[in-house]
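Here is a short note to read beside the structure. Take it slowly, and keep the picture open as you go.

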2 protein chains.
Amino acid sequence: MEEKLPTIDSVFSIDCLIFGFDAGELKILLIERNEDPFKGWLALPGYFVKQNESLDDAADRILYELTGLRDLQMKQFHTFGDVNRHPQGRVITVGYYALIRINGQKDLRPVSPYARKAIWHSVNDLPKLAFDHSEIFNNGFSKIRRRLNYQPIAFDLLPEKFTLTQLQGLYEAILNKKLDKRNFRKKMLSYGFLKELVEKQKGVSYRAAKLYKFDRRKYSKIFQNEMSV
Amino acid sequence: MEEKLPTIDSVFSIDCLIFGFDAGELKILLIERNEDPFKGWLALPGYFVKQNESLDDAADRILYELTGLRDLQMKQFHTFGDVNRHPQGRVITVGYYALIRINGQKDLRPVSPYARKAIWHSVNDLPKLAFDHSEIFNNGFSKIRRRLNYQPIAFDLLPEKFTLTQLQGLYEAILNKKLDKRNFRKKMLSYGFLKELVEKQKGVSYRAAKLYKFDRRKYSKIFQNEMSV
DNA sequence: AATATAAGGTGTGAAAATTACACCATTAAA
DNA sequence: TTTAATGGTGTAATTTTCACACCTTATATT
């Protein structure tokens, strides 16, 4: 455990909290580290920011290099700066998050050698992560949970066309509690930003449900009005 | 304008957004810079983080050195990392905020020579600030405005004992809109965390108002319950 | 003493939002 | 045809929000 590691001067890094939703479960994107420190451990995708790139650009690049995912429109949620949070020296890290559709992003292929592989892991039985990444996860997850109440972030996790039951299952997974079906539907539809499609669910062995789309244009109108009050 | 300044390697800094409330106006704490770049400009109190101090510790130290204020319990709100935000090199800055009582903190005395003086300035007619500090201000102010709706941050700005009219004036100053007196009082009192005092306002030339205290213990109870749902 | 000034303090009814709650309908598979 | 699984729907009670106006009290002024 007391190996000699090179020390580094003060630098900053990015760590990414990428949420996905699959089979009724909320998942988080992790990498298996391929270099010391914490070689072999699971960690959030994260790495150092380069001298001449903005934080936002760095977040995109780093996530791509470690997982193969691109263009996610991540947002910052907190910056972690304890003196000893990194064993090699002073590293301040900025936490970024995004919520995405897992399907269609199936091929997780680290481009850089720093990650051996990238995997989706349920948020419910996370092992201890490298560095202070468990703490970073908890901090980000609780912020997203709160944000769910006033921003339509859930739709980013679902396929473009989804049923109300899927949407409800997602809310329940994030909030970790049961919701009432009738009240949930009434409320969601009352917002007016869901577009009901003619199309129905296929391939299920029970009555097929209506499909809906999130209508970003309608949402913007509603949201803008709210903002200007 | 094209003076030669020393360049610096990548470092991080803290900038502080300190709000106060006085004479019915919301104010922000600014310093007049005493060194290049932006010598003579108004700026948020901010400086570089040392190698061996946490971000939170750095925020406390820096604010003290530049303004003489201490022990404010600031909280982080955003990190700014554009490549060219600082003319001397790559500087990532973490924004911290606090809301405080102006009275009793009257003596603003910069300890470090980097600030010529520190002043309270109304948030309403801010001049252009040094660096990207205007942007940092806007970002932080809008977050605090939103936070006002679900956290009792306003009480930190008032004297320990205050009247409901003062409290309402503060909400109106932060939200920048008029509120209905009866509804405001009803709602505030319904929360149950205001303690009505026997004492009344003094030295006013009209009917003296009842004084209230914010009861942090009662608030914690209520807040904890909400959290655990 | 009377009056003016300035803010303190209070209640009600309408509308909207939230909550609790149970059963029949539809589809595909067995 | 039966079973299993989910889809889909309404109402009444409660709580919250919102709009709205007048009398009271303390001091300063004449």
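The points below go from the two copies to one residue and then to the DNA.

1. First, some housekeeping: this is a predicted model, in which local features need pLDDT of at least 70 and side-chain atom pairs count only at pLDDT 80 or more, while totals for chains, interfaces and linings use all residues. Residues are numbered from 1 along each chain as its sequence is written, and chains are lettered from A and ligands numbered from 1 in the order in which they are written.

2. A turn of 180° with a shift of 0.0 Å along the axis lays chain A on chain B with an RMSD of 0.1 Å (least squares on the C-alpha atoms of residues with pLDDT of at least 70 in both). The two copies are therefore related as by a two-fold rotation axis.

3. Now look at Lys117(B), in strand β7 (residues 115–122) of chain B; strands are DSSP runs of E, at least two residues, numbered from the N terminus. Lys117(B) counts as partly exposed because it has 13 C-beta neighbours inside 10 Å (buried is 20 or more, exposed 12 or fewer, partly exposed in between, with C-beta atoms placed from the backbone).

4. Leu42(B) is 75 residues from Lys117(B) in sequence, yet their C-alpha atoms are 9.6 Å apart.

5. Which residues come nearest to DNA strand D? Of the 20 around this strand, they are Thr165(A), Arg182(A), Tyr206(A), Ser205(B) and Arg207(B) (near: C-beta atom, placed from the backbone, within 6 Å).

Methods
Helix = DSSP H or I, 4+ residues; strand = E, 2+ residues; numbered from the N terminus.
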